[in-house]
Amino acid sequence: MATPKKDVDEWAATLAQGQSVPFLFSRGKTVGLIIVSLVFVFIGLLMALGGSLLWTIIGWVAVVFFLLGCVVQVRRLFTRVPGLTVSPEGIAMKTAKAGVVPWSEILEIHPVKQASNVYIQMVITTEEADRQAAAGLGVGKLATEDGDLKLVLWAPNGLAVRKPELCFWLEQEREARATV
């Protein structure tokens with residue numbers, strides 16, 4: 001179930017054959033998050049064990065919070081479930097609670113850069129936003145320069161793929177399916 005070679009042409013060929021293209025979470029990034037979380041657990045323990053009541057409370061809150069983060073990341077590391085799967089029907093994301101987002105419900109896909117991170121943002125129809133919201137997913141609202149509001153979903157972060165290439169390919173696939 002590994003992602004085909006990190007190549008847009010390979011992804012397109014796989015999808016053209018009617019097969020899904022899965023994108024897994026990066027093991028390196030996941031291990032990095034586990035290490036950072038453990039460092040903060042250690043700092044929280046130091047705070048909790050040596051100081052005033054306020055520092056003790058803050059320390060234990062940090063320990064619980066970052067230990068939970070470690071548990072989530074360890075599960076992600078050993079459970080090789082794709083964070084995003086592209087199929088002929090649409091895009092399935094681990095974060096999309098209502099299942100596959102059909103191609104017909106995606107209006108545009110583009111990268112958004114914040115600091116050094118690139119996020120994949122999908123503008124969706126009101127109907128799809130309502131379906132996702134009814135399933136419990138928070139749908140973002142993006143204000144455009146002309147004052148309109150667009151409803152958006154974001155692809156999961158930490159995928160083992162270069163986001164600009166993935167975003168370019170997803171937009172190509174969306175456009176190809178919009179004209180069919």
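On one side of helix 1, D9 and A16 are exposed. This is a predicted model, and helix 1 is a good place to enter it. The helix covers residues 8-16, and its buried residues are V8, W11, T14 and L15. Why do they lie on the same side of helix 1? They cover an arc of only 130° around the axis, which puts them there together. D9 and A16 sit on the other side.

What do the buried residues of helix 1 pack against? Their partners are strand 1, strand 2 and helix 5, the last being residues 163-178. Just after helix 1 comes G18, with a positive phi of about 85°.

Now follow the strands. An open sheet is formed by 4 strands in the order 1-2-3-4, with antiparallel pairing. Its edge strands are strand 1 (21-23) and strand 4 (101-102), and each pairs on one side only. Strand 1 and strand 2 (residues 84-86) run antiparallel and are joined by 3 bridges. P22 has T85 of strand 2 as its bridge partner.

Next, look inside. In soluble globular proteins, nonpolar side chains tend to be buried together. Here the largest nonpolar core has 30 residues. L166 and W169 have the most contacts inside this core. Several elements each supply at least two of its residues, among them helix 1, strand 1, strand 2, strand 3 (90-93) and strand 5 (106-114). Strand 6 (117-124), strand 8 (149-154) and helix 5 also each supply at least two. Helix 5 gives the most, with 4 residues.

Pick out W169. Leaving aside residues up to four places away in sequence, W169 touches V8, W11, A12, L15, V21, F23 and V86. Three of these names return from helix 1's buried list: V8, W11 and L15. Ring pairs also link W169 with W11 and F23 into a cluster.

The structure holds 5 aromatic pairs. F40 and F66 form one that is stacked, with 4.9 Å centre to centre and 20° between the planes. This pair links distant parts of the chain. F40 is in helix 2 (residues 27-49), F66 is in helix 3 (residues 53-78), and the two are 26 residues apart. Are these rings buried or exposed? F40 counts as partly exposed because its relative accessibility is 36%. F66 counts as partly exposed too, at 22%.

Charged side chains pair up as well. The count comes to 5 salt bridges. In one of them, K150 and E108 meet at 3.1 Å, N to O. K150 lies in strand 8 and E108 in strand 5, so this pair ties together parts that are 42 residues apart in sequence. K150 is partly exposed, with a relative accessible area of 26%. E108 is partly exposed, with 25%.

Another salt bridge joins R162 and E165, whose closest N and O atoms are 3.0 Å apart. R162 is exposed, because its relative accessible area is 55%. E165 is partly exposed, at 30%.

Finish in helix 5. The side chains of E171 and R174 meet in a salt bridge of 2.7 Å, N to O. How many residues apart are E171 and R174 in helix 5? They are 3 residues apart, so about one helical turn separates them. An α-helix has 3.6 residues a turn, so residues three or four places apart point the same way. Both E171 and R174 are buried.

Conventions
Residues numbered from 1 in each chain as written. Predicted model: local features only at pLDDT ≥ 70, side-chain atom pairs only at ≥ 80, totals over all residues. Heavy atoms only, no water. Pairing = 2+ DSSP bridges. Buried < 20%, exposed > 50% of the residue type's maximum accessible area, 1.4 Å probe, protein only. Arc of directions from axis to C-beta. Contact = heavy atoms within 4.5 Å. Phe/Tyr/Trp six-rings, centres within 6.5 Å; stacked < 30°, edge-to-face > 60°. Core = buried A, V, L, I, M, F, W, Y, C linked by side-chain atoms within 4.5 Å. Salt bridge = Lys/Arg side-chain N within 4 Å of Asp/Glu carboxyl O.
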